[in-house]
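Hi there,

Here is the structure I promised to pass on. Please have it open while you read the notes underneath.

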Amino acid sequence: MRLARHYIIHGRVQGVGFRYFVERQANVEGIHGWVRNLPDGCVEIHAEGERESLERFEHHIGHGPSRARVDSVDRTDAAVTAHDAGFSVR
């Protein structure tokens, strides 16, 4: 079953390669969507994929790359678009 989720990642997540880490994890899991930095220092992600893939993806983004510090992850369900356009860094 395909799901879509929206995430806001809080912590030291800008300037540490977090977006590219997210992109790599999305590609490994076959997740479609995007990631971008926000002006407040957080990172925003929209991700779509199969339930099991999203669960593994969430585990990874909850930890981030070695130089990052993830303080919290806000997760909300989103509408599935079913656009298989890959995953992009914005």
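Below is what I found, going from the strands to the core, the helices and a few single residues.

Please keep in mind that this is a predicted model.

**The strands**

Let me start with strand S1 (2-12). S1 pairs on one hand with S3, antiparallel, through eight bridges. In that pairing, Arg5 stands opposite Ala47 in S3. S1 also pairs with strand S4 (residues 69-78), again in the antiparallel sense, over nine bridges. If you want a spot to look at there, His10 stands opposite Ser72 in S4.

S3 has a further partner in S2: six bridges join S2 and S3, and the pairing is antiparallel. Here Val35 stands opposite Ile45 in S3. S2 and S3 form a hairpin with five residues between the strands, and Gly41 in this hairpin takes a positive phi near 95 degrees.

Is S3 enclosed or open to the outside? Seven of its eight residues are buried, so S3 is largely enclosed by the rest of the structure.

**The core**

The largest nonpolar core has 20 residues. The members that touch the most others are Tyr7, Ile9, Phe18, Val22, Ile45, Phe57 and Ile61. Two or more residues each come from strand S1 (2-12), helix H1 (18-29), strand S3 (43-50) and helix H2 (51-61). Of these, H1 gives the most, with four residues. As a general background, nonpolar side chains in soluble globular proteins tend to be buried together.

Ile45 is a good residue to click on. Leaving out residues up to four places away in sequence, Ile45 touches Arg5, His6, Tyr7, Ile9, Val22, Trp34, Val35, Phe57, Ile61 and Phe87.

**Aromatic rings**

How many aromatic pairs does a search of the whole structure find? The search finds three. In one of them, the ring centres of Phe18 and Phe21 are 6.2 Å apart and the planes are at 45 degrees, so this pair is tilted. Planes under 30 degrees apart would count as stacked and those over 60 as edge-to-face. Phe18 and Phe21 are three residues apart in helix H1, which puts about one helical turn between them. Both rings belong to buried residues: Phe18 has a relative accessible area of 1%, and Phe21 has 11%. Elsewhere, Tyr7, Phe57 and Phe87 form one aromatic cluster.

**Helix H2**

Which residues of H2 are buried? They are Ser53, Leu54, Phe57, Glu58 and Ile61. Looking down the axis of H2, you will see these buried residues fall within an arc of 135 degrees, so they line one face of the helix. Their cover includes S1, H1, S3 and S4.

Ser53 deserves a look of its own. Its relative accessibility is 10%, and because buried means under 20%, Ser53 counts as buried. Apart from its neighbours within four places in sequence, Ser53 is in contact with Glu29 and Ile31.

**His32, Gly30 and Thr81**

His32 is in strand S2 (residues 32-37). With a relative accessible area of 19%, His32 is buried, since the cut-off is under 20%. A polar atom of the His32 side chain lies 2.9 Å from the backbone nitrogen of Gly86. Not counting neighbours within four places in sequence, the contacts of His32 are Arg2, His46, Ala47, Glu48, His83, Asp84, Ala85, Gly86 and Phe87.

Gly30 sits in the loop between H1 and S2. Gly30 is partly exposed, at 43% relative accessibility. Gly30 and Asp84 are 54 residues apart in sequence, yet their C-alpha atoms are 9.6 Å apart in space.

Finally, Thr81 is in the loop between S4 and strand S5 (87-89). At 40% relative accessibility, Thr81 is partly exposed. What does the side chain of Thr81 make a polar contact with? The partner is the side chain of Glu48, at 2.6 Å. Thr81 is also 9.7 Å from Gly33, C-alpha to C-alpha, with their positions 48 residues apart in sequence.

Happy to go through any of this with you at the screen.

Best wishes

Methods: Residues are numbered from 1 along each chain as its sequence is written. This is a predicted model: local features need pLDDT of at least 70, side-chain atom pairs count only at pLDDT 80 or more; totals for chains, interfaces and linings use all residues. Side-chain values use heavy atoms; hydrogens and water are left out. A nonpolar core is a set of buried Ala, Val, Leu, Ile, Met, Phe, Trp, Tyr and Cys residues joined through side-chain atoms within 4.5 Å. Buried means under 20% relative accessible area, exposed over 50%, partly exposed in between (1.4 Å probe, protein chains only). Contact means heavy atoms within 4.5 Å. Two strands pair if DSSP finds at least two bridges between them. A polar contact is a pair of N or O atoms within 3.5 Å; within protein, one must be able to donate a hydrogen and the other to accept it, and residues adjacent in sequence count only if both atoms are side-chain atoms. Rings of Phe, Tyr and Trp (its six-membered ring) pair if their centres lie within 6.5 Å; planes under 30 degrees apart count as stacked, over 60 as edge-to-face and the rest as tilted. The arc is that of the directions from the helix axis to the C-beta atoms.
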